Protein chains: 2
Amino acid sequence: MTYCIGISLDDGLVLTSDSRTNAGIDHVSTYSKMHRCVTTPDRCLVIMSAGNLATTQGVIQQIRRDVLEGLPRNINTLSYLADVAEYLGDVLVNRIRKHTEQTGFVPDATLILGGQIQGRNPNIYMIYPQGNYITSSADTPYLQIGESKYGKPVLDRFITRDASLEDAAICSLISMDSTMKSNASVGPPIEVMIYPRDQFNAPKHYKFEAEDPYLLEIRHEWANQLNRAFRSMPRLEVHAKPNSTLHTF
Amino acid sequence: MTYCIGISLDDGLVLTSDSRTNAGIDHVSTYSKMHRCVTTPDRCLVIMSAGNLATTQGVIQQIRRDVLEGLPRNINTLSYLADVAEYLGDVLVNRIRKHTEQTGFVPDATLILGGQIQGRNPNIYMIYPQGNYITSSADTPYLQIGESKYGKPVLDRFITRDASLEDAAICSLISMDSTMKSNASVGPPIEVMIYPRDQFNAPKHYKFEAEDPYLLEIRHEWANQLNRAFRSMPRLEVHAKPNSTLHTF
């Protein structure tokens, strides 16, 4: 499986992805799911992918080819990030449709696009296998693809539009850690990209292997702190009264 | 939807359930999902249910009727908790099959059975719509039905076989709170039953309405403590170094 998070903040973007792929439980590999497009200097575009690996690799290839062959519609010619999302949706649908028509098998994939085009705001988009897409909002500043549920509560608690890029990155690592604990098909290396608004050429990229000291530190410290928090919860038997309304039959 | 947790500890059992049901997003009701069977004094049996409400009500009715009509195989005549789980599975499958054969619609439901029969250990069972069932183990002392993912990480952190009944109850309330935050179809009242081993007639039952002071206290205190924990995490920019291995294409 896969777990990727895109976060859109006032200060810029934070993108986080795991690197485990599997085709059946006995065919596990490591592939980066975070891809930065080589673009003209007026833009920074990063794509994360979940789903069928052949489909996402095919999409990446097609995007590159459209640039190299100078097609009028490619990632460098579009003026809005939403147009890039629309274009990615079309490439994705074509890729999926080809194999569906040939074999009946639907090699679904979902993408997150994060980036900025000069003169506009940075933003994130989630592109569905059907080719349509959604973006974030002030109330929901993050988007997830893949195994999203285990790691969602911690994002809901700490991610607001005015969070710092560093806080959002730390939060996404905690979210990733909770997910890896609960789903063995999500795994390291964990990649984090921090994109400060208007810094087209200066996104910072971190790659954390399983035994990375910082990742371990975050994991241990979070576990310790949660343990302390749990031990300090108000006691049930002191503060609540049992009643006799249990339904019996 | 639904969220129920059954926890089996050295000291006894803790069962926790929400009370929201919905048939479509515009048909939301409140039903208890925790049912204590009226039994002979040598046993305590509690059933929690997730899934189709007609099916679970039908199962409960059938169980009661089998006792009233004195059928040789009923919840009072069986000697092992596993036999009760097997019996519940049969009742459940019959109930589902009837409607499937009549209409093609499969009104699935899943049950958790918790309890004890004198002379044996207390235990929990999860009964699938197919009628088969699993129990807990030393490594996995809890079972969940319904919307299980959001609330799983906190259970994984704190629930071990030797946890106290009260700690397990508090942990299940935190797990329930995280789930309610993320899934609007899980909602109060929240019921918690604490069953101390060998106390057949003395399970303690708590029912927390949405504005229950203790439930609010747990929620606020947990949020505060998590906030404090998050603020104390080791900083990324101090402890980790960016690299330049981001995949570009």
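Phe208(B) has a relative accessibility of 2%, and because buried means under 20% relative accessible area, Phe208(B) counts as buried in this predicted model. Tyr206(B) likewise has a relative accessibility of 2% and therefore counts as buried.

Aromatic rings offer a way into the rest of the structure, which holds 10 aromatic pairs over all chains. In one of them, Phe158(A) and Phe230(B) are stacked, with their ring centres 4.3 Å apart and an angle of 10° between the planes. Phe158(A) belongs to helix α3 of chain A, residues 152-158, while Phe230(B) belongs to helix α5 of chain B, so this pair joins two chains. Both partners, Phe158(A) and Phe230(B), are buried. Tyr206(B) and Phe208(B), with which this account began, also form a stacked aromatic pair, at 6.1 Å from centre to centre and with 5° between the planes. Phe158(A) and Phe230(B) are, in addition, members of one aromatic cluster that takes in Trp222(A).

The helix that carries Phe230(B) can be followed from its start, where a side-chain oxygen of Asp212(B) reaches to within 2.8 Å of the backbone nitrogen of Tyr214(B). Helix α5 of chain B comprises the 19 residues 213-231, which at 1.5 Å a residue should span 27 Å, and the distance of 27 Å between its end C-alpha atoms agrees with that expectation. Which residues of α5(B) are buried? They are Tyr214(B), Leu215(B), Leu216(B), Ile218(B), Trp222(B), Gln225(B), Leu226(B), Ala229(B) and Phe230(B). In reading such a list, it helps to recall that an α-helix has 3.6 residues a turn, so residues three or four places apart point the same way.

How the two chains are arranged can be seen by superposing them: a turn of 180°, with a shift of 0.0 Å along the axis, lays chain A on chain B with an RMSD of 0.0 Å. The two copies are thus related as by a two-fold rotation axis. Among the residues of chain A, Tyr150(A) comes closest to the rotation axis, its C-alpha lying at 2.4 Å. Of the interface residues of chain A, 100% are also interface residues in chain B, so the copies meet through the same surface.

A further arrangement that involves an aromatic ring appears in each chain. In chain A, the charged end of Arg120(A) sits over the ring of Tyr80(A), at 4.0 Å from its centre, and in chain B, Arg120(B) lies over the face of Tyr80(B), with 4.0 Å to the ring centre.

Methods:
Residues are numbered from 1 along each chain as its sequence is written. Chains are lettered from A and ligands numbered from 1 in the order in which they are written. This is a predicted model: local features need pLDDT of at least 70, side-chain atom pairs count only at pLDDT 80 or more; totals for chains, interfaces and linings use all residues. Side-chain values use heavy atoms; hydrogens and water are left out. Helices (H or I, at least four residues) and strands (E, at least two) are DSSP runs, numbered from the N terminus. The expected span of a helix is 1.5 Å times one less than its number of residues. Buried means under 20% relative accessible area, exposed over 50%, partly exposed in between (1.4 Å probe, protein chains only). A polar contact is a pair of N or O atoms within 3.5 Å; within protein, one must be able to donate a hydrogen and the other to accept it, and residues adjacent in sequence count only if both atoms are side-chain atoms. Copies are superposed by least squares on the C-alpha atoms of residues with pLDDT of at least 70 in both. Contact means heavy atoms within 4.5 Å. Rings of Phe, Tyr and Trp (its six-membered ring) pair if their centres lie within 6.5 Å; planes under 30 degrees apart count as stacked, over 60 as edge-to-face and the rest as tilted. A charge sits over a ring if NZ of Lys or CZ of Arg is within 6 Å of the ring centre and within 35 degrees of the ring normal.
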